[in-house]
Amino acid sequence: MFTHRRVLISRGPRSGLPIIVAVHSTDRGQAIGGCRLTTYAGWRDGLDDALRLSAAMTGKAARAGLPHGGGKTVIALPPGVTLDDAGRRDALLDAGDAIAGLDGEYATGPDVGTGPADMLTIAERTPYVFCRPVESGGSGDSSPHTADGVMAALSCFGSARSFAVLGLGRVGERVARLLAGSGATLIVSDVDQSKRALADSLGATWAGPADCLTAEVDVLVPAALGGVLTPAVVPTLRCAAIAGPANNQLDSPATADLLRARGIRWAPDEIVSAGGIIYATGVELRHETPAQASARVAGIGDTLAAHLRSADLPK
Ligand code: PHE
């Protein structure tokens, strides 16, 4: 069934790249969701990702109680293509023009492969962009707030001492640092081998992604790309619980039942990963102070606790 409000696919006039803007829902208000700039085997894979991620943003905004729907932008790089500064700027301006054409139905923000400086470039073409640098009037990098939301979520697993953090990107790295600072036992992994130095400095055990995924820990923290929890993976897991910021961790909703059958508690990423949007929309749209917005991010702990209580009830 096609449930999206609108999907725009264009060839960026400057960059020649596929620019995909998927607006899933505006039922609760303006659709929001980040701009992903990353490599896909083909543009159709980028389209699939945009469709899935934008739908997940609708769920994320709703579970966070925000007056927003979900959307996502994907700039799909062909395999082997990397962008220099000028090419990156062209791609972002193309995305900005596509978003501008929606007249505020959708606003973007940072995501995998983009950050605050890129939001400033998009802002040259449209006002509907969150997380420009603080010195330029935005709320700045959202990843620390997403990480704080993950920490609030992890507080639901109070007795947890050991964690496996799968992915040390902007959010995963901060989560790993905060966990290490709290004295936790850590296993970490990343496809980027250069992150090994970070693991060493944190006193964490470095593992390959497959070993990290199946590590024997209290909580597995997926912090990289989606789709890691599949019917093939679930029987191999040795964690007691799963809670992390990666979007769309389940390959399909039914995989949640397989986790439940194994007695593994799963915290939906739609709840765990909402810190960035809670903070950015609070500060930029609702004029909350940074302290007020951070307090709302911490509320992810209560939201998740309520969810886990109802999930624990016998069905
Ligand atoms: N990457 C963010 C997310 O998935 C997107 C975002 C952050 C959008 C901040 C708006 C503001 O939630």
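**Exercise 1. Cysteines**

Task: Decide whether C35 is buried or exposed, and find how many disulfides the chain has.

Solution. The model is a predicted one.
- Step 1. C35 has a relative accessible area of 0%, so C35 is buried.
- Step 2. For C35, the closest cysteine sulfur is that of C131, 12 Å away, which is too far for a bond.
- Step 3. C239 is also a cysteine to check: its sulfur lies 10 Å from that of C212, the closest cysteine sulfur, and this too is too far for a bond. C239 is buried, with a relative accessible area of 7%.
- Step 4. A disulfide needs two cysteine sulfur atoms within 2.5 Å. The count by this rule is zero disulfides.

**Exercise 2. Positive phi outside glycine**

Task: State where C131 and H287 are placed, and whether each is buried or exposed.

Solution.
- Step 1. C131 is not a glycine, yet its phi is positive, about 70°. C131 sits in the loop between α3 (116-122) and α4.
- Step 2. The relative accessibility of C131 is 3%, and therefore C131 counts as buried.
- Step 3. H287, likewise a residue other than glycine, has a positive phi near 55°. Its place is in the loop between α10 (275-284) and α11 (290-298).
- Step 4. With 67% relative accessibility, H287 counts as exposed.

**Exercise 3. Helix α5**

Task: Check the length of α5 (residues 170-181) against the expected span, then find which of its residues are buried and what they pack against.

Solution.
- Step 1. α5 has twelve residues, and at 1.5 Å a residue they should span 16 Å; the end C-alpha atoms are 17 Å apart, which agrees.
- Step 2. Buried in α5 are V171, G172, V175, A176, L179 and A180.
- Step 3. These residues cover an arc of only 160° around the axis, so they lie on the same side of α5. An α-helix has 3.6 residues a turn, so residues three or four places apart point the same way.
- Step 4. The packing partners of the buried residues of α5 are two helices, α4 (143-154) and α6 (196-202), and the strands β7 (162-166), β8 (185-189) and β10 (219-222).
- Step 5. After α5 comes G183, with a positive phi near 85°.

**Exercise 4. T121 in α3**

Task: Which residues is T121 in contact with, leaving aside its neighbours within four places in sequence?

Solution.
- Step 1. T121 belongs to helix α3 and, at 13% relative accessibility, counts as buried.
- Step 2. Its contacts, with those neighbours left aside, are R89, L92 and L93.
- Step 3. A91 is 30 residues from T121 along the chain, and their C-alpha atoms are separated by 9.8 Å.

**Exercise 5. Cores and the whole chain**

Task: How many residues has the largest nonpolar core, and what does V219 touch?

Solution.
- Step 1. The largest nonpolar core has 66 residues, and I75, L154, F163, L186, V188 and V219 have the most contacts inside it.
- Step 2. Beyond four places in sequence, V219 touches L154, F157, A160, S162, F163, A164, A241, I242 and A243.
- Step 3. Another core of 18 residues lies apart from the largest one; among its residues are L220, L237, I264 and W266.
- Step 4. The chain has twelve helices and twelve strands. Its radius of gyration is 19 Å, close to the 20 Å of the globule rule for 315 residues, so the chain is as compact as a globular protein of that length.
- Step 5. Of the 315 residues, 52% are buried.

Terms used. Residues are numbered from 1 along each chain as its sequence is written. This is a predicted model: local features need pLDDT of at least 70, side-chain atom pairs count only at pLDDT 80 or more; totals for chains, interfaces and linings use all residues. Side-chain values use heavy atoms; hydrogens and water are left out. Helices (H or I, at least four residues) and strands (E, at least two) are DSSP runs, numbered from the N terminus. The expected span of a helix is 1.5 Å times one less than its number of residues. Buried means under 20% relative accessible area, exposed over 50%, partly exposed in between (1.4 Å probe, protein chains only). The arc is that of the directions from the helix axis to the C-beta atoms. Contact means heavy atoms within 4.5 Å. A nonpolar core is a set of buried Ala, Val, Leu, Ile, Met, Phe, Trp, Tyr and Cys residues joined through side-chain atoms within 4.5 Å. The radius of gyration is taken over C-alpha atoms; the globule rule is 2.2 Å times the number of residues to the power 0.38.
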